[in-house]
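This report goes through the nonpolar core, the strand pairing, the cysteines and two asparagines of one protein chain.

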Amino acid sequence: MSGGIRIKPGANVTAKGMIENTHLRNNQFGLRVEDNSSVLAKNTTAAGNTAAAFIAVSNVTTVNLTLDQCVAANNGTGIKADNPNATVRFGRCTLTGNGIGIATSGGGHTNKFTGTVNNADSGTATDSTAVQ
């Protein structure tokens, strides 16, 4: 699978990380985070990717992706969470020109920080959290 950054730890391994000030352009996906991972992306742009700009995929175990001050522009999907143990939390982000702005499948969760997201595309978060 061709992509920008893919985080997929092996069995019985946990990945924790932070990606900052990064551009993920013209790939199949921008940032893909899978099982046993917890990742923060800050001030990161994903543009021109054919599938999702930012995606969390849970095949078996929990995966968390947090986006702060990110841009998803001109991708197939801006933000996506696949399956019940996948959560994407996002705030102060801009979504524009994507086929779908925010999407879930298989019971995934998307949680936005209320009033902090500029989504010019279709789709809404499954949950929201008030900004403190």
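Which residues of the largest nonpolar core touch the most other members? The model is a predicted one, and in it the core holds 27 residues, of which Leu31, Phe54, Leu65, Leu67, Val88 and Phe90 touch the most other members. Two or more residues each come from strand 2, strand 4 (31-34), strand 5 (37-42), strand 7, strand 8 (63-68), strand 10 (77-82) and strand 11 (86-91).

Leu31 can serve as an example. Leaving out residues up to four places away in sequence, Leu31 touches Ile5, Ile7, Ile19, Leu24, Ala41, Ala53, Phe54, Ile55 and Leu65. Two of these, Phe54 and Leu65, are listed with Leu31 among the core residues that touch the most other members. Phe54 is also the bridge partner of Leu31 in strand 7.

**Strand pairing**

Five strands make up an open sheet with parallel pairing, in the order 1-4-7-10-13. The edges are taken by strand 1 and strand 13 (100-105); each has a single partner strand, so one side of each has no neighbour in the sheet. From one strand to the next, the twist averages 5°.

Parallel pairing is also found between strand 5 and strand 8, and between strand 8 and strand 11. The table lists three strand pairs with their bridge counts and one bridged residue pair for each.

| Strand pair | Sense | Bridges | Bridged residues |
|---|---|---|---|
| Strand 4 and strand 7 | parallel | four bridges | Leu31 and Phe54 |
| Strand 5 and strand 8 | parallel | six bridges | Leu40 and Thr66 |
| Strand 8 and strand 11 | parallel | six bridges | Leu67 and Phe90 |

In the pair formed by strand 8 and strand 11, the bridge partners Leu67 and Phe90 are both among the core residues that touch the most other members.

**Cysteines**

How many disulfides are there? The count is zero. The cysteine sulfur closest to that of Cys70 belongs to Cys93 and is 4.8 Å away, which is too far for a bond because a disulfide requires sulfur atoms within 2.5 Å. Cys93 is likewise in no disulfide, its nearest cysteine sulfur being that of Cys70. Cys70 is buried, with a relative accessible area of 1%. Cys93 has a relative accessibility of 3% and also counts as buried.

**Two loop asparagines**

Is Asn49 buried or exposed? With a relative accessible area of 2%, Asn49 is buried, because the cut-off for that class is under 20%. Asn49 sits in the loop between strand 6 (45-47) and strand 7 (52-57). A polar atom of the Asn49 side chain lies 3.2 Å from the backbone oxygen of Leu24. Apart from neighbours within four places in sequence, the contacts of Asn49 are Leu24, Arg25, Asn26, Asn27, Gln28, Phe29, Gly30, Asn74, Asn75 and Gly76. Leu24 is therefore a contact of Asn49 in the sense of heavy atoms within 4.5 Å, and Leu24 is touched by Leu31 as well.

Asn12 is also a loop residue, placed between strand 1 (5-7) and strand 2 (15-20). Asn12 has a relative accessible area of 80% and counts as exposed, because that class begins over 50%. In sequence, Asn12 and Cys70 are 58 residues apart. Their C-alpha atoms are 30 Å apart in space. Of these two residues, Asn12 is exposed, whereas Cys70 is buried.

Terms used: Residues are numbered from 1 along each chain as its sequence is written. This is a predicted model: local features need pLDDT of at least 70, side-chain atom pairs count only at pLDDT 80 or more; totals for chains, interfaces and linings use all residues. Side-chain values use heavy atoms; hydrogens and water are left out. Buried means under 20% relative accessible area, exposed over 50%, partly exposed in between (1.4 Å probe, protein chains only). A polar contact is a pair of N or O atoms within 3.5 Å; within protein, one must be able to donate a hydrogen and the other to accept it, and residues adjacent in sequence count only if both atoms are side-chain atoms. A nonpolar core is a set of buried Ala, Val, Leu, Ile, Met, Phe, Trp, Tyr and Cys residues joined through side-chain atoms within 4.5 Å. Two strands pair if DSSP finds at least two bridges between them. Axes are lines fitted to C-alpha atoms, for helices over the stretch in contact, and angles run from 0 to 180 degrees between N-to-C directions.
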